[in-house]
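Trainee: I am new to this structure and would like to go through it with you. Could we look at it together?

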Amino acid sequence: MACETNTWLVVFFLFLAANCMQTLGVSQVPCLFIFGDSISDSGNNNELPTTTKSNYKPYGVDFPLGPTGRFTNGRTEIDIISQFLGFENFIPPFANTSGSDIFKGVNYASGGAGIRKETGSYAGGSISLGSQLAHHRAIVSEIATRLGSPDLAQEYLEKCLYYVNIGSNDYMANYFLPQFYPTSSMYTVEQYTEVLIEELSLHLQALHELGARKYASAGLGLIGCTLGIVASYGTNESCVEEQNTAAYHFNNELKALVDKFNSGFSADSKFIFLDTQALAIYLRDQNGFKFPESPCCEPGLTGECIPDEKPCYNRKDYVFWDAFHTTEKWNLLNALTNYNSTSSSDFTYPMDIKHLVHYDIKMEMDLTDHSTSQLSATE
């Protein structure tokens, strides 16, 4: 019976994927801007002085261009979402973007990066969220120059989607590494989470000033169940619950921030929350993967694949590609649900990405103005 259920789930997800891919080539938004860490990085770390790199084999074994700097065997989750959105090509990394490419969007994500500037620095260089915002300011300036004025740039950028997926490293590669960082002696987990959310809030507001109007903000997954964390704690393959609990607190605060912004910016913006942890629990409990607790490639000391080592052949049976990052199969299941939550709205709040990109902010502005005028007339 379990086998039949899993087969049905696979068929269902494949049907959804085929349905979503029908719009490929006709993008539903003019551009997509991506902020984050190794979950979304597509090559920004390649030339950085860091051990957090993936521009070598066996990474990219299932990607058409081979190793590009993506921390998986094939496409990342946001790669797949960009295809669902209809983009003909993947959004280029900031490190390699040029010319008119910027009008389709830019990927600023950097492996090892966090909300806090110092996060991940023990492994070498990474591009923190603040620095990613600085890069975006430069891109916005260039778009304004090419279009002829800041007003025309603003009008164009308001139509784009802004995807933010960051925060895991602020726990895994900061708070829970007391040998490198003092944050755990300065804050309780709850206090630290509030500090992270406050800093993230400021960055999202800065994005708003640069023209962002439609935001998809991803929560943190089951960081305490990543193979690298489990191995470092020596928990005999059991998840590290203190890290999962920290991620849970972060997600609750991020969801509350989405509510706050949707109320505060209701006249011109829309924010959604992607509940990565709840989705991970759901997918994990379906037991659709034969090897949920083993890496497909052989990880080295830092958790990335050992260069040129041959990976597993049955990659669709694995959740994890290396000690910290997931396979394309897992990324696909996440992307499908976050883009189009037809089966359940438990994982996207208050709507999924498909509905966000088609959401008519102008209509809401008109309704708000109409309600305000009616209220004024009755006073």
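Mentor: We shall take the disulfides, then the salt bridges, then a cavity and a helix. Please keep in mind that this is a predicted model.

Trainee: How many disulfides does the structure hold?

Mentor: There are four disulfides in the structure. Counting the bonded cysteines along the chain, the pattern is 1-2, 3-4, 5-8, 6-7.

Trainee: Which cysteine pairs with Cys-31?

Mentor: Cys-31 forms a disulfide with Cys-160, and their sulfur atoms are 1.7 Å apart. This pair links distant parts of the chain, 129 residues apart. Cys-31 sits in the loop between α1 (2-20) and β1 (32-36), while Cys-160 sits in the loop between α4 (150-157) and β3 (161-165).

Trainee: Is Cys-31 buried or exposed?

Mentor: Cys-31 is buried, at a relative accessible area of 0%. Its partner Cys-160 is buried too, with a relative accessible area of 0%.

Trainee: And which cysteine is joined to Cys-225?

Mentor: Cys-225 is joined to Cys-239 by a disulfide, with 2.0 Å from S to S. Cys-225 lies in the loop between β4 (214-218) and α8 (227-233), and Cys-239 in the loop between α8 and α9 (241-264), so the disulfide ties together parts that are 14 residues apart in sequence. The link of Cys-225 and Cys-239 is right-handed, with 115° about the S-S bond.

Trainee: What about the accessibility of those two, Cys-225 and Cys-239?

Mentor: Cys-225 has a relative accessibility of 13% and counts as buried because the cut-off for buried is under 20%. Cys-239 has a relative accessible area of 25% and is partly exposed.

Trainee: Where are Cys-296 and Cys-312 in the chain?

Mentor: Cys-296 and Cys-312 are joined by a disulfide, S to S 1.9 Å. Both Cys-296 and Cys-312 are in the loop between β6 (291-295) and β7 (318-320), 16 residues apart.

Trainee: Why is the disulfide of Cys-296 and Cys-312 left-handed?

Mentor: The torsion about its S-S bond is about -100°, so the disulfide of Cys-296 and Cys-312 is left-handed. Cys-296 is buried at 6% relative accessibility, and Cys-312 is buried with a relative accessible area of 10%.

Trainee: Let us change topic. How many salt bridges are there?

Mentor: The count comes to seven salt bridges. One of them is between the side chains of Arg-315 and Asp-62, at 2.6 Å from N to O.

Trainee: Where do Arg-315 and Asp-62 lie?

Mentor: Arg-315 lies in the loop between β6 and β7, and Asp-62 in the loop between β1 and α2 (77-84). The salt bridge therefore ties together parts that are 253 residues apart in sequence. Arg-315 is buried, with a relative accessible area of 18%, whereas Asp-62 is partly exposed at 33% relative accessibility.

Trainee: What does Arg-70 form a salt bridge with?

Mentor: Arg-70 forms a salt bridge with Asp-79, and the closest N and O atoms are 2.6 Å apart. Arg-70 is buried, its relative accessible area being 7%. Asp-79 is buried at 3% relative accessibility.

Trainee: And Arg-116, which residue is its partner?

Mentor: The partner of Arg-116 is Glu-118, with the closest N and O atoms 2.7 Å apart. Arg-116 counts as buried at 13% relative accessibility, and Glu-118 counts as partly exposed at 27%. Elsewhere, Glu-158, Arg-213 and Asp-268 are joined into one network by salt bridges that share partners.

Trainee: On to cavities. What is the volume of the largest cavity?

Mentor: The volume of the largest cavity is about 30 Å³. A search of the whole structure finds one cavity of 30 Å³ or more.

Trainee: Which residues line the largest cavity?

Mentor: The lining consists of Val-164, Ile-166, Leu-200, Ser-217, Ala-218, Phe-250 and Leu-254. By class, six of the lining residues are nonpolar, one is polar and none is charged. β4 and α9 each supply at least two residues of this lining.

Trainee: Finally, which residues of helix α10 are buried?

Mentor: In α10 (residues 276-285), the buried residues are Thr-276, Gln-277, Leu-279, Ala-280 and Leu-283. These residues cover an arc of only 160° around the axis, which puts them on the same side of α10.

Trainee: Why do residues three or four places apart point the same way in an α-helix?

Mentor: An α-helix has 3.6 residues a turn, so residues at that spacing point the same way.

Technical notes
Residues are numbered from 1 along each chain as its sequence is written. This is a predicted model: local features need pLDDT of at least 70, side-chain atom pairs count only at pLDDT 80 or more; totals for chains, interfaces and linings use all residues. Side-chain values use heavy atoms; hydrogens and water are left out. Buried means under 20% relative accessible area, exposed over 50%, partly exposed in between (1.4 Å probe, protein chains only). Helices (H or I, at least four residues) and strands (E, at least two) are DSSP runs, numbered from the N terminus. The arc is that of the directions from the helix axis to the C-beta atoms. A disulfide is a pair of cysteine sulfur atoms within 2.5 Å. On a 1 Å grid over the protein atoms alone, a cavity is a set of points where a 1.4 Å probe fits but cannot get out, and a pocket is an open set with protein on both sides within 12 Å along at least five of seven lines; lining residues have an atom within 4 Å of a point. Grid points are joined across faces, edges and corners, and a volume is the space filled by probe spheres set on the points. Ala, Val, Leu, Ile, Met, Phe, Trp, Tyr, Cys and Pro count as nonpolar, Asp, Glu, Lys and Arg as charged, and the others, Gly among them, as polar. A salt bridge is a side-chain nitrogen of Lys or Arg within 4 Å of a carboxyl oxygen of Asp or Glu.
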